[in-house]
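These exercises ask you to read features off a protein model. Try each task before reading its solution.

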Amino acid sequence: PPLANIVNLYDFEKLASKILSNQAWAYYSSGSDDEISLRENHNAYHRIFFKPKVLVDVSKVDTRTKMLGSQTDVPFYVTATALMKLGNPQGGEMDIAKGCGATDVRVPQMISTLASCSIDEIADAKVHDDQIQWYQLYVNSDRKVTKELIQHVEALGLKALFVTVDAPSLGHREKDLKIKFSTMQSGPELMQSKPEHKDAGAEKGASRALSKFIDPALSWNDIVEFKKHTKLPIVIKGVQRAEDVVKAAELGLAGVVISNHGGRQLDFSRSPVEVLAESVPELEKRGLRSDNFQLFIDGGVRRGTDILKALCLGANGVGLGRPFIYANSCYGKEGVAKAISLLTDELEMSMRLLGVTSIDQLGPELLDLSALRNRNVSVA
Ligand code: FNR
């Protein structure tokens with residue numbers, strides 16, 4: 001169907017479910033075990049309601065904000081997802097870079113360690129020099145490999161390092177396991193370059209094949225150590241409890257991503273938006289809430305209103321994974337640009353209706369959270 005027929009992010013998903021290969025659809029769409037967290041991530045947003053203000057002059061609405069010291073046009077970003085060539089064999093992650101720079105609204109892109117294209121290719125695919133790209137780091141058990149990677153990324157001009165901490169081993173994703181990942185043609189560039197790893201994926205699900213590269217021994221000490229190797233802001237991605245948010249702030253990190261990896265890791269981990277709601281008061285209580293420590297969130301975000309809810313709760317930036325995977329798989333860079341414009345339009349419209357004209361006016365007083373904790377879990 002023509003791109004003009006796509007009116008919201010769900011339309012990309014519906015189309016992708018029809019046109020993607022079984023292997024790509026299984027890898028992209030799956031969550032772990034019973035997929036409770038996968039569904040809860042999104043459902044939790046449906047239990048938050050607004051308390052809009054009326055009679056505010058909303059003729060001009062400004063969606064700009066700052067993330068990790070960079071000015072951005074919108075408060076959302078494309079988060080890191082591996083293996084983009086499974087769905088878009090030519091363009092892969094390069095098309096995400098192109099789509100993110102295609103219009104007036106430029107969106108930051110987080111690049112996965114397990115991208116199908118090389119970091120250099122993805123950095124080269126930027127449309128504008130000032131386009132923001134970040135790096136998502138999976139830490140190798142060989143710390144020398146990781147150290148070199150960090151230095152390479154910094155030299156390329158990427159703006160921040162997001163160390164993924166929720167994947168000491170990859171979750172049990174059954175849809176994905178059922179499909180044999182017998183070819184690594186779309187596999188991560190990083191693996192292709194090491195012949196001994198070429199057959200790592202044979203006869204396994206895609207996620208099993210990838211987990212070889214992630215060190216389960218990673219600990220808080222390593223994160224402190226990385227600070228010595230780089231000037232880049234370091235954010236840890238995959239924090240799931242207020243205590244760990246507080247700990248990251250105490251260690252002087254640049255921020256955290258509250259995330260359960262899109263429901264692909266520990267099933268029954270809570271929705272990120274619920275964890276965000278309980279983390280901010282804990283930071284405030286300890287005087288740890290500051291502009292130098294930013295809060296990011298991802299998982300289940302599909303609407304401009306979802307973004308607004310997270311921002312009202314104190315998020316500085318909101319990440320989306322699957323919607324951009326599907327947009328990129330169905331339409332390449334034009335799809336990515338379209339997803340950005342749909343989301344930006346929804347965001348502006350919802351800000352107007354909420355009675356706010358800038359991001360800094362958003363706060364918890366605009367939300368009704370009374371239903372948030374009423375988890376109504378049903379097993380598929
Ligand atoms: C991911 N995610 C992920 N995270 C990460 O740190 N490194 C990675 O390589 C990947 N790869 C990946 C592949 C696929 C197919 C998915 C769906 C997800 C997790 C991702 O960054 C993010 O946390 C979730 O995708 C957010 O949830 P939504 O927006 O997909 O619901």
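Five exercises with solutions follow.

The model is predicted, so to speak of local features a pLDDT of at least 70 is needed, side-chain atom pairs count only at pLDDT 80 or more, and totals for chains, interfaces and linings use all residues. Residues are numbered from 1 along each chain as its sequence is written.

**Exercise 1. The shell around the ligand**

Task: State which residues come nearest the ligand and which elements give two or more residues to its shell.

Solution. Step 1: A residue is near a molecule if its C-beta atom, placed from the backbone, lies within 6 Å of it. There are 24 residues around the ligand, and Ala82, Ser112, Gly262, Gly321 and Arg322 come nearest.

Step 2: Helix 2 (22–29) and helix 14 (322–354) are the elements that give two or more residues to this shell. Helices (H or I, at least four residues) and strands (E, at least two) are DSSP runs, numbered from the N terminus.

Step 3: Sort the shell by residue type. Ala, Val, Leu, Ile, Met, Phe, Trp, Tyr, Cys and Pro count as nonpolar, Asp, Glu, Lys and Arg as charged, and the others, Gly among them, as polar. The shell around the ligand then has eight nonpolar, twelve polar and four charged residues.

Step 4: Look at the burial of helix 2. A residue is buried if 20 or more other C-beta atoms lie within 10 Å of its own, exposed if 12 or fewer, and partly exposed in between, with C-beta atoms placed from the backbone. Helix 2 is mostly covered, as seven of its eight residues are buried. The buried ones are Gln23, Ala24, Trp25, Ala26, Tyr27, Tyr28 and Ser29.

**Exercise 2. Helix 4 against helix 14**

Task: Describe how helix 4 (92–100) and helix 14 pack.

Solution. Step 1: Two packed helices are described by the angle between their axes and the distance between the axes. Axes are lines fitted to C-alpha atoms, for helices over the stretch in contact, and angles run from 0 to 180 degrees between N-to-C directions. For helix 4 and helix 14, the axes come within 7 Å and cross at roughly 15°.

Step 2: Angles under 35 degrees count as roughly parallel, over 145 as roughly antiparallel, 65 to 115 as roughly perpendicular and the rest as oblique. Helix 4 and helix 14 are therefore roughly parallel to each other.

Step 3: A crossing is left-handed if the near helix is turned anticlockwise from the far one by less than a right angle, and right-handed if clockwise. The crossing of helix 4 and helix 14 is left-handed.

Step 4: Residues are in contact if their C-beta atoms, placed from the backbone, lie within 7 Å. From helix 4, Asp95, Ile96, Lys98, Gly99 and Cys100 meet residues of helix 14, including Phe324, Asn328 and Ile340. By type, the residues of this contact are six nonpolar, four polar and three charged.

Step 5: Nine of the nine residues of helix 4 are buried. These buried residues pack against strand 4 (76–78), strand 5, helix 5 (119–124) and helix 14.

**Exercise 3. Helix 13 against helix 14**

Task: Classify the packing of helix 13 (residues 304–312) on helix 14.

Solution. Step 1: The angle is about 60° and the axes are 8 Å apart. That makes helix 13 oblique to helix 14.

Step 2: The crossing is right-handed. Gly304, Thr305, Ile307 and Leu308 of helix 13 meet residues of helix 14, among them Leu343, Glu346 and Leu354. Seven nonpolar, three polar and one charged residue make up the contact of helix 13 with helix 14.

**Exercise 4. Two loop residues**

Task: Is Val105 buried or exposed, and what is Asn140 in contact with?

Solution. Step 1: Val105 lies in the loop between helix 4 and strand 5 (109–111). Val105 counts as buried because it has 20 C-beta neighbours inside 10 Å.

Step 2: Beyond its neighbours within four places in sequence, Val105 is in contact with Asp73, Val74, Ile340, Ser341 and Thr344. Val105 and Thr344 are 239 residues apart along the chain, yet their C-alpha atoms are separated by 8.1 Å.

Step 3: Asn140 is in the loop between strand 6 (133–137) and helix 6 (143–155). With 19 C-beta neighbours inside 10 Å, Asn140 counts as partly exposed. Leaving aside neighbours within four places in sequence, the contacts of Asn140 are Val145, Thr146, Phe213 and Asp215.

**Exercise 5. Positive phi**

Task: Where do Leu83 and Phe268 lie, and what is the phi of Leu83?

Solution. Step 1: Most residues other than glycine have a negative phi. Leu83 has a positive phi near 55°, and Phe268 has one of about 75°.

Step 2: Leu83 lies in the loop between strand 4 and helix 4, and Phe268 in the loop between strand 9 (255–258) and helix 12 (272–285).

Step 3: Leu83 counts as buried, with 26 C-beta neighbours inside 10 Å. Phe268 is partly exposed, with 13 other C-beta atoms within 10 Å.

Technical notes. Contact = placed C-beta atoms within 7 Å.
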